[in-house]
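Subject: Structure handover

Hello,

Here is the structure you are taking over. Please look through it first; my notes on what was found follow below.

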Amino acid sequence: MLSRRHFVISAAALFSQPIASPVFAAADQWSAWDAQVTPANFDPATSNPWGLHPRFLPRRVEAHSGLTPGDIHVDAVARYLYHVQDDGTAIRYGVAIGRGGLYEPGTYTIQRKAKWPSWTPTAAMVEREPHIYEKFADGQPGGPSNPLGSRALYLYVGNRDTYLRIHGTPLSRSIGSRASSGCVRMVMAHIIGLYDQVATGSTATLHPGENFVTAAS
C-alpha cells in the first residue's frame with residue numbers, strides 16, 4: 001500500500017519531468033526543414049542555386065495605382081506574383097502556373113495558411129493522371145519532398161475551398177512555366193519570406209492569360 005508521503009514524492013517526480021509538446025516538436029521540425037531548403041547566406045535578390053532566370057528572383061517594383069496593400073496579384077503571362085505593399089510598391093516573385101486549361105483565373109480569398117502542409121491529390125487529379133497520383137490518394141505528410149513544399153496559402157470563394165493553392169514546390173526549375181495542376185508554385189525559400197507578410201482574409205487575384213502587367217519592371 002502506498003503511503004501519502006510516497007504518493008506526494010511520486011507525483012512531484014512525475015510533474016517535475018519536462019513534457020514534450022507536439023507543437024514545439026513540429027516547430028523544431030519546420031525550422032530544420034526551412035534551413036534545408038534555404039541557401040546559406042540567403043539573399044532573396046541574388047541567391048540562385050536553382051538556376052532560375054534572374055527576372056524570377058524577388059524584386060521590389062512600382063505598383064499600379066489603386067491596388068490594395070496586402071493583396072496578391074498573379075500575372076499569368078509574365079509568370080509573376082505581386083504582393084502589394086503600403087508604400088505604392090510591390091514585391092514581385094517568379095512563379096509557375098497551371099498547365100493547359102488547368103489555370104483558373106479569378107478573385108479568391110486567402111482563408112487559410114499552413115507551414116509544411118500535408119497534401120492529398122484531388123479526385124480529378126487521380127482520375128486524370130492515375131499513374132502519377134494514385135499512390136498518393138491517401139495523402140502525403142509535409143516535408144521537403146511534398147508537392148506543397150514549405151508553405152501554402154489556401155484560396156477560397158466564399159466558404160468554399162477551391163483546392164487552388166499558392167505554395168512552395170520541390171520542383172524549382174518549373175518556375176516560369178505552365179507546370180502545375182492549377183496551383184501557383186513558388187520557390188520554397190521565396191514563399192517562406194512571403195508567408196509571414198500575407199494576412200488571412202487577403203485577396204488573391206489570378207489574372208487571365210492575356211496581356212496584363214501589375215507593376216513596372
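How many bridges join β2 to β11, and do the two strands run parallel or antiparallel? The answer is 3 bridges, with β2 and β11 running parallel. H73 has T205 of β11 as its bridge partner. β11 is also joined to β6, here by 4 bridges, and these strands run antiparallel. On that side, Y108 has A204 of β11 as its bridge partner.

Before the details, some general points. The model is predicted. Its pLDDT averages 87 over the chain, and 86% of the residues score at least 70. Please treat residues 1-17 separately: pLDDT stays under 50 there, and the model gives this stretch 0 contacts beyond four places in sequence.

The chain has 217 residues, 43% of which count as buried. Its secondary structure consists of 5 helices and 11 strands. If one takes the contacts between residues at least 6 apart in sequence, 66% of them join residues at least 24 apart. The exposed area of the chain is about 11,800 Å², and carbon and sulfur atoms supply 54% of that area.

The cores

The largest nonpolar core has 23 residues. Inside this core, the residues with the most contacts are I72, V74, L81, L155, I166 and M186. The elements that give two or more residues to this core include β2 (72-75), β6 (106-115), β8 (160-169) and β11 (203-206). β4 (89-94), β7 (151-157), β10 (184-187) and α5 (188-195) are also among them. The most comes from α5, which gives 3 residues.

I72 shows how distant stretches meet in the fold. Leaving aside neighbours within four places in sequence, I72 is in contact with L81, Y82, H83, I110, L153, I166, V198, T203, A204 and T205. Another core, of 14 residues, lies apart from the largest one, and W50, A63, Y80 and I175 are among its residues.

V184 is worth a look as well. V184 sits in strand β10 and counts as buried, at 1% relative accessibility. In sequence V184 and V74 are 110 residues apart, while their C-alpha atoms are 8.4 Å apart in space. V74 is one of the contacts of V184 beyond four places in sequence; the others are L81, V95, A96, R165, I166, H167 and L206.

Residues in loops

Two residues that are not glycine have a positive phi. For R79 the value is about 65°. R79 is in the loop between β2 and β3 (80-84), and R79 is buried, because its relative accessible area of 16% is under the 20% cut-off. For W116, phi is near 45°. W116 is in the loop between β6 and α3 (123-128) and counts as buried at 4% relative accessibility.

S47 is in the loop between α2 (22-37) and β1 (59-62). Is S47 buried or exposed? S47 counts as buried, with a relative accessibility of 11%. Setting aside neighbours within four places in sequence, S47 is in contact with P39, N41, F42 and L57.

Aromatic pairs

The count of aromatic pairs comes to 4. One of them is formed by F42 and W50, which are edge-to-face, with 6.5 Å centre to centre and 80° between the planes. F42 counts as partly exposed, at 26% relative accessibility, whereas W50 counts as buried, at 13%.

F56 and Y80 have ring centres 6.2 Å apart and planes at 65°, so this pair is edge-to-face. The pair links distant parts of the chain, since F56 is in the loop between α2 and β1 and Y80 is in strand β3, 24 residues apart. Both F56 and Y80 are buried. Together with Y82, F56 and Y80 form one aromatic cluster.

If you have time for a short visit only, I would start with β11, which is joined to β2 and to β6, and then go on to the contacts of I72.

Regards

Notes: Residues are numbered from 1 along each chain as its sequence is written. This is a predicted model: local features need pLDDT of at least 70, side-chain atom pairs count only at pLDDT 80 or more; totals for chains, interfaces and linings use all residues. Side-chain values use heavy atoms; hydrogens and water are left out. pLDDT is the predictor's confidence in each residue, from 0 to 100. Contact means heavy atoms within 4.5 Å. Buried means under 20% relative accessible area, exposed over 50%, partly exposed in between (1.4 Å probe, protein chains only). Accessible areas come from the Shrake-Rupley method with a 1.4 Å probe; for residues, only the protein chains shown count as cover. A nonpolar core is a set of buried Ala, Val, Leu, Ile, Met, Phe, Trp, Tyr and Cys residues joined through side-chain atoms within 4.5 Å. Two strands pair if DSSP finds at least two bridges between them. Rings of Phe, Tyr and Trp (its six-membered ring) pair if their centres lie within 6.5 Å; planes under 30 degrees apart count as stacked, over 60 as edge-to-face and the rest as tilted.
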